[in-house]
Every structure is written in structure tokens, then in C-alpha cells.
Amino acid sequence: MTVHVPDPKRSRAFLVGVPTVTEGGFEPLDYVDRNLDDLRAALSHPDRGILLPEAITVLRSPSQREWLRKLKQVAEETSDLLLFYFVGHGYRGPLDNELYLMTRDADLDVNLAATAVPWSHVLGTLDGLGFQRAVVILDCCNSGLAAEGRGVGLGHYILSSALPTKTQPSGSVEGRSRFTHEIIRAMEEPEPGGLTMQRLYDILFAATPTWQPVGFGDGWGPKGGSGGDGPHIVISRFAGPDPEPGPGARPGSSLSRNLFQEPAIAPRSERPAPAEPAPAPTLPRTLSGWRRLLGVLPRGIRGRSGTEARPSPGMPSPREAGARHSWPPGRWKTLLAVAVALLVTLSIGVYAVRSDDGTDASGCPPPLELRLMTGIETRAAVARAVTAYRNDDANREPLGHADHAPKHCRRTNITVFEAGTGETVDAFGATAAWAGRGDESRQGSGGGPSGVTPLGTAAGACPTSSPGDRQTVEPGKTEEPGKPDAGGLCFDPLQDVGPQPDLVVAGSSTELGRMQAQLTRAPGPAEVERIGSLGYSPLVLAVPAKLEKKLAAAGVQRTGSTWERLLTAMKEAAPGMPLLRPDPDTSGVGLQHTVGLYEAYDGWFAGGEARDAEAVEERLRHDAVPATDADSLLCALDRGEPGQPRLGQAAALVSEKAVADFNLGRRPGSVCGNSKPADDTSRLLAYYPAGVPALDMPLATVRWKRSAASSGSDDRDRRAEAIRHFHTWLTQEGRPHFLHGLARGAGANGQPLPPRGEAWADTGTSGVLKDVSVVTEQTDGPTSDAVVADYTRTREPGQVLFLVDVSGSMAEGGGKRALVDAALRRSLQRLGPRDTYGIWSYPKSAHQPDLARTEIERGTPGDERAAALEWTDSLAKKRMSTSGAAVFEVLTRAMRETRDDPRPLIVLITDGDDRPEGDAGGAEFTAMRQEQQRAGSTDVLVLSVRLDGCTAQIRQFENPGGAGCFAGRPDRAAEALAEQVANDVQGGSGDEGP
């Protein structure tokens with residue numbers, strides 16, 4: 001094999017570490033500094049290293065600007081090998097699927113591309129520079145995104161610690177991260193011919209099953225990507241005979257020479273910081289290591305054989321140095337130190353063994369990683385509980401008899417993420433894609449490195465292909481990702497929902513039943529098993545307290561009244577008062593309320609036997625106002641957002657705990673953080689409709705089928721034990737953290753417990769009642785699906801026109817076009833086959849800035865999306881118009897053309913009117929405003945891609961008094977827009993019947 005040995009005079013290394021990210025809830029990493037110090041020492045080791053100490057630049061917690069500036073400077077000084085290493089947090093962009101290397105000041109909510117370091121910016125900084133080869137080592141979550149893409153240089157190797165869609169444990173081993181620890185260990189061991197990048201990958205891959213907590217069974221472990229001769233680049237030398245030199249190798253590039261004997265690196269325009277001192281030596285971990293250490297002893301003490309340790313070629317032997325029979329000054333001190341080290345090692349031998357199995361400096365192995373998926377309305381409760389459990393003594397109890405970690409060690413780390421009810425059902429219909437994306441197969445092996453059983457790709461899921469871990473790709477090339485299916489839009493659970501969960505906390509068993517029913521229809525590598533209810537919260541109609549007397553006069557009581565009677569009394573007491581209703585497709589509360597309206601309209605829970613969705617929806621048609629979820633619904637009331645009802649002017653379908661949380665006002669853990677209502681005008685009262693099932697908030701476990709090679713019974717048992725511990729804690733000492741004094745507890749038998757907590761200490765303030773009947777019956781999965789289908793069928797189809805800004809300013813800044821793509825994709829997902837849409841782009845040309853180009857004809861059925869997605873995909877490669885965007889004229893024309901459409905909606909995606917003549921005082925603006933103010937004017941939703949969000953200029957495009965501007969964190973803005981679009985269309989799959 002021909003290897004490439006870097007020329008130390010022409011090679012450089014750039015090491016970056018970021019232990020702390022201020023915002024976003026990222027856990028501090030205590031191993032970052034040690035990683036940087038130890039890797040620097042290994043790369044510049046006099047016998048094994050490939051670089052001179054002064055050729056290694058180390059940056060700790062730099063800003064994005066400093067990072068990229070220094071990277072470019074180091075790269076410009078390199079003509080042979082550039083080695084780039086990062087340790088810290090990696091983040092997978094939810095819209096652009098890009099890897100972001102997080103800086104200390106990275107901001108997920110404002111502009112991630114301008115505060116973190118996108119991987120594309122790293123590649124862009126390095127493109128076209130003079131170095132020949134590159135090695136990239138990334139020790140962070142989701143780092144496989146870089147390994148599956150293109151590289152730089154004539155030859156490259158990208159080695160990542162995790163697969164593209166996977167996180168990794170944050171524990172340490174001997175003060176280093178597990179990944180970097182194994183790299184340094186491999187660099188310290190003899191390797192004939194030198195340690196190449198491909199050999200390093202093979203060593204790491206083989207070691208993965210021994211890594212704690214889980215290894216490839218959880219998707220954690222190395223991924224490699226290469227081009228040219230990248231796999232054969234040497235990263236650590238072996239003090240032995242030189243192998244065959246690589247093409248173009250220069251004299252003096254021998255593997256065996258001592259780097260400290262080389263001349264100093266040529267002067268540079270800016271000298272690097274002085275070399276940092278090497279870390280204190282550690283005890284050897286192998287027999288060969290002890291032999292090297294014992295080389296300091298005189299021959300008589302080393303043994304009776306009379307043989308000497310073989311010197312490294314190029315280094316003087318002891319005889320040549322005149323030291324064979326002499327005892328240099330200080331040797332006795334060295335001998336004494338070795339003796340003490342031997343005694344210490346013998347006394348802590350058990351610790352040393354455990355350290356090699358994954359312990360950190362305190363003797364703790366990394367905690368088991370679990371992922372918990374929950375709904376929008378339950379996230380706050382789940383996050384409170386998980387945070388408390390992380391630091392509770394219960395999380396330090398052994399996980400079974402095989403757990404011998406010290407008592408002070410944390411056993412489990414739980415990551416929480418949220419998803420809407422419809423999204424979770426779709427995801428469990430595509431579990432093969434959920435489990436398999438990014439888990440590429442390794443050439444020559446029988447299965448993928450993740451160990452997930454290859455069960456194919458579910459219908460509607462995006463098929464993908466990417467370079468395998470051992471594949472050598474042409475420089476600058478990468479395989480093309482999977483294309484959308486014939487329908488034009490494929491569902492990607494990893495991108496649209498999140499990582500594959502180990503646990504689920506649903507709002508209700510109704511919601512959980514839909515997930516299980518979906519798995520029955522579309523079997524895959526996952527099983528969902530209900531464990532038990534964590535608490536109860538009855539569903540209520542939240543009414544302004546000022547209406548209590550009027551409702552009583554109409555014959556309505558706070559408890560026991562049917563939905564039919566409540567709705568009739570509301571029309572009598574407050575004619576025309578809006579009724580805010582969460583969407584059952586995004587809200588667990590909305591789903592359960594819809595079940596209650598359909599199945600218990602007359603006060604008796606029918607269980608699917610007598611459902612008249614048409615009659616119920618007709619009753620609600622003129623008063624119901626859709627909302628995304630029950631929690632933000634009440635928060636929006638308090639904020640008084642434009643176009644929305646204010647406090648005291650609307651009723652809402654929510655849960656008991658949401659009413660209590662709102663009325664009790666701002667306090668730790670509250671959802672809205674609103675001030676306590678001052679009087680009955682703003683205070684809400686809970687009315688409990690008879691027969692409506694309560695939220696029972698079940699906990700369920702998700703078991704993923706894995707190959708026997710990747711996940712043995714020990715791992716399965718440990719996970720099961722960890723989940724059992726967490727559930728026991730949640731239902732006992734951890735119950736107050738979850739219930740927060742707002743929800744009712746669940747007993748061991750799963751039945752509701754008597755209410756306790758702040759909500760019932762003063763019901764006059766909280767607006768809820770203590771003694772109410774809690775309905776524990778739940779619908780099964782098929783009945784729940786039928787309820788959702790009935791709801792969809794009763795809605796009228798919508799007609800949506802998307803207006804997309806393609807002016808030159810849309811190509812500027814970070815992520816504008818990615819946000820456009822995500823917003824269109826997510827919004828299109830919400831359209832049903834009976835909905836229609838069209839897409840206009842503007843300006844039409846540099847000479848026609850006031851006209852739009854028709855990209856997709858208006859009236860296109862909502863399930864025909866292929867052409868739309870093909871066009872949005874082309875935006876990333878398309879040259880934007882150099883002219884400004886004449887938004888006023890284009891929007892005016894769109895409103896005029898859609899005026900007579902049934903249920904029209906305009907979605908405007910823009911960064912503003914950027915023509916010099918785009919003056920809000922001009923004739924164009926006046927014409928637009930007049931059209932907006934005409935009776936029956938088309939509603940306009942605006943997605944602002946400006947960094948400063950929904951500015952006054954952007955809000956000009958909304959309907960007067962409307963609440964249709966979305967901005968902020970890109971994934972949230974795109975999803976919020978899509979949810980609002982869903983409120984204005986029919987949606988559905990087309991299988992709901994006539």
C-alpha cells in the first residue's frame with residue numbers, strides 16, 4: 001500500500017474547541033480543553049507525530065468571524081496537509097439539513113448562519129487554497145453530515161464521531177471525550193507502516209461495540225468520507241522501517257525521523273502563539289507502553305537478558321550517546337517516580353479497568369441516552385420533570401445488577417423534543433425511514449453500522465443514498481440524495497419530526513392510539529407500548545368570568561352541562577363571541593376536544609357509535625376560530641395580537657391545567673408568563689362539559705428492532721431498567737415536578753387521584769373546580785382516525801396562491817432561500833387533494849419588476865406537488881433577479897385576481913419592497929391599501945425572511961388588523977406559517993370519503 005506521509009515543513013493543524021454554548025440548552029462539555037491539549041501533544045510527539053509544535057494552532061471558544069479568519073490564515077500557510085479538528089456541539093439545521101458547528105454565542109432563534117459556523121462556510125473558506133490534502137476530524141453531534149458530503153484538496157478524509165442525524169453522549173473517559181480518547185489511543189500504539197486514516201476508521205469501528213453507553217445501536221460511532229488518496233494519509237508515524245513513499249514524496253519525509261530534528265518552519269507573516277506545554281505524562285495502558293516507559297531503567301533492573309530496547313531509526317542508540325553504562329543525573333528520581341506509579345496503579349487497578357470501559361475522571365461512565373417525544377401542550381410539564389430527574393438521587397441508582405458504576409454517577413440523560421399529533425402519526429407510518437436514514441451500510445459488511453434492521457423505506461418516505469463509510473469518491477463529488485416520490489413530496493420523519501424516540505408522553509390515550517394504529521397499518525422496525533398514565537386534566541370551555549351570571553341565567557352550570565346546552569347558552573349570553581379551537585392535526589388538546597364534541601355532544605360518551613360530525617361543525621361554523629394549540633392560544637389572548645380577539649372577548653376550548661396556569665399568572669414554570677388577571681374581565685372560568693374524556697397523559701416506550709450484532713440483551717435490559725426507574729420516579733417523588741400543582745395525579749391503578757396543589761388551593765383565583773367527574777374512557781385508534789377524517793371532510797377546500805420574492809436581496813444573508821424552500825414544502829404538506837394552489841415568483845425580470853411569473857398555475861390540485869418541489873429545489877442554483885421587488889403592485893394584482901375565488905388565501909414570502917421607488921406614500925402603496933380595505937378582500941399571510949423579522953414595512957402587506965406575519969427562528973417560522981395555512985384549507989389525504 002502506498003501511503004502519504006505529510007511533510008511537517010509544509011503542513012499545519014487547526015484545532016478548535018467550544019465547551020459551552022450560552023443559549024439553546026446545550027450541556028457544557030468538560031472534556032474540550034483536555035481533548036485539545038492531548039491531541040496537540042499526539043500530533044507533535046517527537047517519535048510518532050506528523051507535525052511540529054509550532055505548526056499547530058489552537059482556538060478556544062472563538063467567534064464565527066475569528067474562527068473562519070484564522071482557518072483561512074492557517075490554510076494559506078499550508079502547501080501539503082491541512083488538519084482541521086473540532087470538538088464541541090454540532091447542530092443539524094432543521095430547514096437546510098446542514099451541519100452547524102456551534103460557537104459560544106450561537107443563536108438558534110435569530111440567525112444561526114451568522115453566529116454559528118455552517119459546514120458550507122468551512123468548505124467555502126478552504127476552496128481554492130494551495131494545500132494538497134486535508135484531514136477533518138469532527139467530535140460533535142450530527143457530524144456525519146460533513147462526512148457524507150464533498151471534501152477539499154486533491155485528497156481528503158473526513159472522520160466524524162456520529163451519523164448525520166444522531167446525537168452522542170456527553171460523558172468523558174480519562175477527561176477526554178470517548179471519540180477523541182480512542183483516536184489518541186490509536187495514535188499511541190505501534191502500527192506497521194504508520195497509522196492511516198482508513199486504518200484509524202477501522203480501529204474506531206471495531207471498538208464501537210465496547211463504547212458506553214450503547215455504540216452503533218443508538219447510531220453513535222464513526223462515519224468516514226473520503227476522496228482521492230485521503231484514506232492513505234498518515235496521521236501517526238511508526239518508529240520502524242519506512243514504507244514505500246507516496247507519489248511526489250519529497251526527500252526527508254521519512255516516517256521515522258524525529259520531527260524535533262527538522263529545521264524550524266519558514267517565517268510567516270504572523271507568527272503563531274508560543275507552543276503550549278505538553279500535558280503531564282499519563283500511565284501506559286498497554287504492555288508495550290510499559291516497556292517503553294521502563295526503557296528509562298538501567299539494564300540490570302530491566303532484566304537479565306542483556307538486551308536493550310530497540311531505538312527508533314534515526315535516533316542515537318544509548319551506546320552511541322555514551323549513556324549505556326552511565327546513570328545520568330536525575331535517573332534515580334525517574335526510577336522513584338516509576339515505582340510510585342506502579343504502586344498507585346496496583347492500588348487502583350479496578351478503576352483503571354473501568355476507565356478503559358468509558359469512565360471519566362470521576363470514575364463515571366457516560367449516562368445512558370434516551371430521547372423523549374411529546375406534544376406541544378405537554379412539553380413544559382415534561383421538560384420540568386426531566387430537568388429535575390437529571391439531578392435527582394433517583395437518577396444515581398444502579399440500573400440492574402450489572403451496573404457497578406460509583407454511587408455518585410448519573411445513570412440517564414433524557415433529551416426532549418416536541419411534535420404535533422398529525423406529524424407523529426405520519427412518522428410512525430414511516431418508521432423504516434425514521435430508523436434508517438443516515439445509517440449507511442459499510443461496504444463488505446452484512447449490515448449497516450447503525451445496526452438497524454434494513455426493512456426498506458415506508459411509502460411516502462424519502463429514499464436516500466450517500467457515500468458509504470469506506471467508499472472513495474472522486475474529489476469534489478458526492479452522491480445525489482434521494483428524490484421525492486411520484487406524488488412530489490416525501491415525508492422525512494427525521495427532518496419533519498425529530499430523532500427516533502425511546503419514550504413518548506402523549507396528551508391522551510386517544511393520541512397514543514393513533515400512533516399504534518398507524519404502526520398496525522404500516523409495520524416497521526418500531527413498537528409502541530403503553531406504560532401508564534402520568535396524570536389527568538379534564539377538558540373545559542374557558543369563558544370570561546364576566547359571563548358567569550348570564551350563563552347561569554341561561555341554565556348552564558359549571559359542571560354537568562352538555563356540549564349542546566353550553567353552546568346554546570353561549571349564543572344567548574354572548575352572541576357572536578368567537579370560540580377559539582385548537583387544530584386536532586397539531587394539538588393533542590384539539591384532538592381530544594374534537595373527540596368530545598363528536599362522541600359526547602349529548603353528554604354521553606358514545607365510543608364511535610353515534611357520531612354526527614356534520615351537525616356539530618355546522619353548529620360551530622360561524623363562531624369557531626382555529627388555533628395551533630391550547631397553550632399558545634391563551635398566550636395570544638393575553639398579548640392582544642393584531643387581528644385576534646382580546647381577553648374577555650373570546651371563549652376557548654382548552655384543558656383545566658391551561659386555565660389554572662393562565663389565571664395564576666407569572667411564576668416559575670408557567671407557560672405564558674402572563675401577569676395574573678386583574679378582574680373578571682380578563683379572568684377565565686372553566687366549564688366542564690359532561691361525558692368528555694380527559695387528557696390522561698400516558699407514558700409509552702418505543703422499542704426499535706436492531707440487529708443482534710449492534711444491540712445485545714445487556715443494552716436492552718439497561719434501557720428497560722432506565723425507563724422503569726424514570727416511570728417510578730414520575731409517579732412517586734417526581735410527580736410534583738410533572739403535575740406542577742395544575743394537573744391531577746394518577747394512582748398505581750391508573751385512576752385519577754384527589755387533586756392537590758396550587759390550582760385547587762384557591763379555586764376562586766385559579767378558575768377551576770375541585771370536585772368534578774373525570775372521564776377516563778378513551779377512544780381506540782381506528783375511532784380516533786375516523787374522528788379526524790370526519791373533521792377533515794367537513795371543512796371546505798381552500799385555494800392558496802404563493803407569492804415568492806426572487807429579487808437579488810433574497811440571495812443575500814444566511815438561509816433565506818432555505819427558509820423559502822422549507823416554508824413552501826411544509827405548507828404544501830398541509831394541502832389536501834380537494835385544495836388547490838398556485839405559485840407566482842416576482843419580479844418577472846429586471847425590466848418588469850412590477851409583474852410576476854407563473855411558476856405553478858393557479859387551480860393545481862393540492863396533492864400534485866412534484867413540479868412545485870422541482871421549482872423550489874432550483875432556487876438554490878438559480879441566479880436571482882438583480883432588480884428590486886415591486887411587492888405593492890404584485891400583491892395588489894394577486895388580491896384582485898383571487899377576490900372571487902371560494903376561500904382564497906395569499907401567502908407572501910418576502911424580505912420587503914426593495915426598489916428605490918417602493919415608497920409607502922406612493923401611488924402603488926395607496927392602490928394596495930385600497931384593495932386590502934375592500935369588503936371580501938383576500939386574506940394575506942406574510943413570511944418575513946428578514947433578519948429583523950416582521951418590521952413595520954413588512955406588516956404593510958398584511959390585511960389591516962390581521963395577524964398574519966411570521967418570522968424568527970427559521971424552522972419555527974416555517975412551521976407556524978404551515979399551521980396557519982392548514983387552518984384555511986381542507987387538508988387530508990383524500991381517503992376521507994365523499
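These are my notebook entries on a predicted model, covering a sheet, some helices, two cores and a few odd backbone spots.

**Entry: the sheet**

I started with the open sheet, which has six strands in the order E29-E28-E27-E30-E31-E32 and mixed pairing. I then checked its edges: strand E29 (853-861) and strand E32 (965-966) each pair on one side only. For a closer look I took strand E27 (residues 799-805) and strand E30 (residues 904-910), which run parallel and share six bridges. I looked up one of the residue pairs too, and Gln799 has Pro904 in E30 as its bridge partner.

Next I wanted to know what packs on the sheet. Helix H28 (residues 816-829) does, with contacts to E27, strand E28 (836-842), E30 and strand E31 (939-944). Its direction makes about 175° with that of E27. I also noted helix H30 (residues 887-898), which lies across E27, E28, E29, E30 and E31. H30 runs at about 165° to E30.

**Entry: backbone around the sheet**

I went through the loops here with one general point in mind: most residues other than glycine have a negative phi, and most peptide bonds are trans. Between Tyr842 and Pro843 I found a cis peptide bond, with omega about -5°. Pro843 sits in the loop between E28 and E29.

Arg903 caught my eye as well, as a non-glycine with a positive phi of about 50°. I placed Arg903 in the loop that links H30 and E30. Is Arg903 buried or exposed? I got a relative accessible area of 28%, so Arg903 is partly exposed.

**Entry: Glu174**

I found another non-glycine with positive phi in Glu174, at about 55°. Glu174 is in the loop between strand E9 (172-173) and strand E10 (176-177). Its relative accessibility came out at 19%, and the cut-off for buried is under 20%, so Glu174 counts as buried.

**Entry: H1 against H6**

I looked at how helix H1 (residues 32-43) meets helix H6 (residues 178-188): their axes come within 10 Å and cross at roughly 20°. Angles under 35 degrees count as roughly parallel, and H1 and H6 are therefore roughly parallel to each other. I logged the crossing of H1 past H6 as left-handed. On the H1 side I listed Asn35, Asp38, Leu39, Ala42 and Leu43; these meet Thr180, Ile184 and Met187 in H6. I kept the helix repeat in mind while reading that list: an α-helix has 3.6 residues a turn, so residues three or four places apart point the same way.

**Entry: cores**

I pulled up the largest nonpolar core, which holds 64 residues. Which members touch the most others? They are Leu541, Leu551, Trp563, Leu634 and Val654. Helix H18 (residues 563-573) gives this core its largest share, six residues.

I then followed Trp563 outward, leaving aside residues up to four places away in sequence. Trp563 touches Leu541, His593, Gly596, Leu597, Ala600, Tyr601, Leu653, Pro689 and Val692. I also found a second, separate core of 37 residues, with Ala13, Tyr31, Leu36 and Leu43 among them.

**Entry: H22**

Last, I asked why helix H22 (residues 656-664) is described as largely enclosed by the rest of the structure. Nine of its nine residues are buried, so the description follows. The buried residues of H22 include charged side-chain names such as Glu656, Lys657 and Asp661, along with Val659, Phe662 and Leu664. After H22 comes Gly665, and I noted that its phi is positive, near 80°.

Methods. Residues numbered from 1 in each chain as written. Predicted model: local features only at pLDDT ≥ 70, side-chain atom pairs only at ≥ 80, totals over all residues. Heavy atoms only, no water. Pairing = 2+ DSSP bridges. Helix = DSSP H or I, 4+ residues; strand = E, 2+ residues; numbered from the N terminus. Contact = heavy atoms within 4.5 Å. Axes fitted to C-alpha atoms, helices over the stretch in contact; angles between N-to-C directions. Buried < 20%, exposed > 50% of the residue type's maximum accessible area, 1.4 Å probe, protein only. Core = buried A, V, L, I, M, F, W, Y, C linked by side-chain atoms within 4.5 Å. Parallel < 35°, antiparallel > 145°, perpendicular 65-115°, else oblique. Left-handed = near helix turned anticlockwise from the far one by under 90°.
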